[in-house]
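Visitor: I am new here and would love a tour of this protein. May I keep asking how you know each thing?

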Amino acid sequence: TPVAYGMSVWCAGTEPQPFAASLLGQLPESARAKDGRVVVDPWLRVQGPGKFGGIMVLGDAALCLSGDNGNPLPQTAQVAGQQGAFLARLLNREYDLEATPPYRDNKMNLDDENSFWRFIDARGLTEAPKFAFLNLGLLAYIGGGQALSQVQLGDSVIFEQAGSAAFLLWRSVYFVKQVATRNRVLVTFDWVKSSLFGRDVTRF
């Protein structure tokens, strides 16, 4: 969709956090990506010889390859969110992360009546699955109450939209993804304030 504009100034790029940069210097060469990220295996563990099962890396700091085509996954909140949920499942299921592939000892929790462990065993999840990113689409705010959206499930595009409708979808997703009621109240207040008085661009 064509977007009319007078002048475009584009500044983009990411830089590793100092902690990630300092970590790279202590890792083997196979774990260091050229762009300053940490190379991880399909279970988000630091890639390289030796046992790094205790070091998990995700989000912008991780270079994680797609299981479909082997290309690096994008540094987006959608990828990081799914990686966080994946890591939580690994920890909750008490996999041995130093094993390859990570697994859970069948002898663990044999006397535990907790239905959670019975559910895990019934689903055959004794061995940890690899991380698989599910692309749900793209949302981009372009200013002036306009946005671009593409909703998809994996490689199947469900619909594409641009303009005010996409802006409403963008705001809805942004609002729902807030992790606390306090954040939702603050975001709503900021939107109302900006619509009434404009965005504050002053610096002190």
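Visitor: What makes Lys-193 partly exposed?

Guide: Happy to show you. Lys-193 has a relative accessible area of 38%, and partly exposed covers the span between under 20%, which is buried, and over 50%, which is exposed. Therefore Lys-193 counts as partly exposed. Please keep in mind that this is a predicted model.

Visitor: How do you know that Lys-193 forms a salt bridge with Asp-190?

Guide: The closest N and O atoms of Lys-193 and Asp-190 are 4.0 Å apart. A salt bridge calls for a side-chain nitrogen of Lys or Arg within 4 Å of a carboxyl oxygen of Asp or Glu, so this pair counts as one. Asp-190 is partly exposed, with a relative accessible area of 23%.

Visitor: Where do Lys-193 and Asp-190 sit in helix H5?

Guide: Helix H5 spans residues 181–197, and the two are three residues apart in it, so about one helical turn separates them.

Visitor: How many salt bridges does the count come to?

Guide: The count comes to four. Among them is the pair Glu-29 and Arg-32, with N to O at 3.4 Å. Glu-29 has a relative accessible area of 59% and is exposed, whereas Arg-32, at 35%, is partly exposed.

Visitor: Is Arg-37 buried or exposed?

Guide: Arg-37 has a relative accessible area of 9%. Buried means under 20%, so Arg-37 is buried. The side chain of Arg-37 meets that of Asp-35 in a salt bridge, 2.8 Å from N to O. Asp-35 is partly exposed at 41%.

Visitor: Which residues line the largest cavity?

Guide: Arg-37 is one of them, and others include Asp-60, Cys-64, Thr-76 and Gln-83. Helix H2 gives the largest share of this lining, three residues. By class, the lining has six nonpolar, four polar and two charged residues.

Visitor: Why is a space called a cavity and not a pocket?

Guide: In a cavity, a 1.4 Å probe fits but cannot get out, whereas a pocket is an open set of points. The structure holds one cavity of 30 Å³ or more, and the largest cavity has a volume of about 50 Å³.

Visitor: How much space lies in the largest pocket?

Guide: About 1,300 Å³. It is lined by 40 residues, and the closest to its centre are Thr-76, Ala-77, Gln-78, Phe-133 and Gly-137. Strand S3 (137–143) is one of the elements that supply at least two residues of the lining, and S3 gives the largest share, five residues. By class, 22 lining residues are nonpolar, 13 polar and five charged.

Visitor: What makes Ile-158 exposed?

Guide: Ile-158 has a relative accessible area of 56%, and exposed means over 50%, so the word fits. Ile-158 lies in strand S5, residues 156–163. Together with Leu-134, Leu-136, Leu-153 and Phe-159, Ile-158 makes a nonpolar surface patch of about 470 Å².

Visitor: How do you know that Leu-44 is buried?

Guide: The relative accessible area of Leu-44 is 1%. The limit for buried is under 20%, so Leu-44 is buried. Its place is in the loop between strand S1 (38–39) and strand S2 (62–63).

Visitor: Which phi does Leu-44 have?

Guide: Leu-44 has a positive phi of about 65°, although it is not a glycine. Most residues other than glycine have a negative phi. Glu-94 also has a positive phi, near 60°. Glu-94 is found in the loop between H2 and H3 and, at 37% relative accessibility, counts as partly exposed.

Visitor: What kind of peptide bond joins Thr-100 and Pro-101?

Guide: The bond is cis, with omega at about -5°. Most peptide bonds are trans. Pro-101 lies in the loop between H2 and helix H3 (115–122).

Visitor: What makes Pro-2 exposed?

Guide: Pro-2 has a relative accessibility of 82%; exposed means over 50%, so Pro-2 counts as exposed. Pro-2 is found in the segment before helix H1 (18–24). Pro-2 and Ala-162 are 160 residues apart along the chain, with 10.0 Å between their C-alpha atoms.

Note on methods:
Residues are numbered from 1 along each chain as its sequence is written. This is a predicted model: local features need pLDDT of at least 70, side-chain atom pairs count only at pLDDT 80 or more; totals for chains, interfaces and linings use all residues. Side-chain values use heavy atoms; hydrogens and water are left out. On a 1 Å grid over the protein atoms alone, a cavity is a set of points where a 1.4 Å probe fits but cannot get out, and a pocket is an open set with protein on both sides within 12 Å along at least five of seven lines; lining residues have an atom within 4 Å of a point. Grid points are joined across faces, edges and corners, and a volume is the space filled by probe spheres set on the points. Helices (H or I, at least four residues) and strands (E, at least two) are DSSP runs, numbered from the N terminus. Ala, Val, Leu, Ile, Met, Phe, Trp, Tyr, Cys and Pro count as nonpolar, Asp, Glu, Lys and Arg as charged, and the others, Gly among them, as polar. Patches are made of residues with over 30% relative accessible area and no salt bridge: like charges are joined within 9 Å, nonpolar side chains (Val, Leu, Ile, Met, Phe, Trp, Tyr) within 5 Å. Accessible areas come from the Shrake-Rupley method with a 1.4 Å probe; for residues, only the protein chains shown count as cover. Buried means under 20% relative accessible area, exposed over 50%, partly exposed in between (1.4 Å probe, protein chains only).
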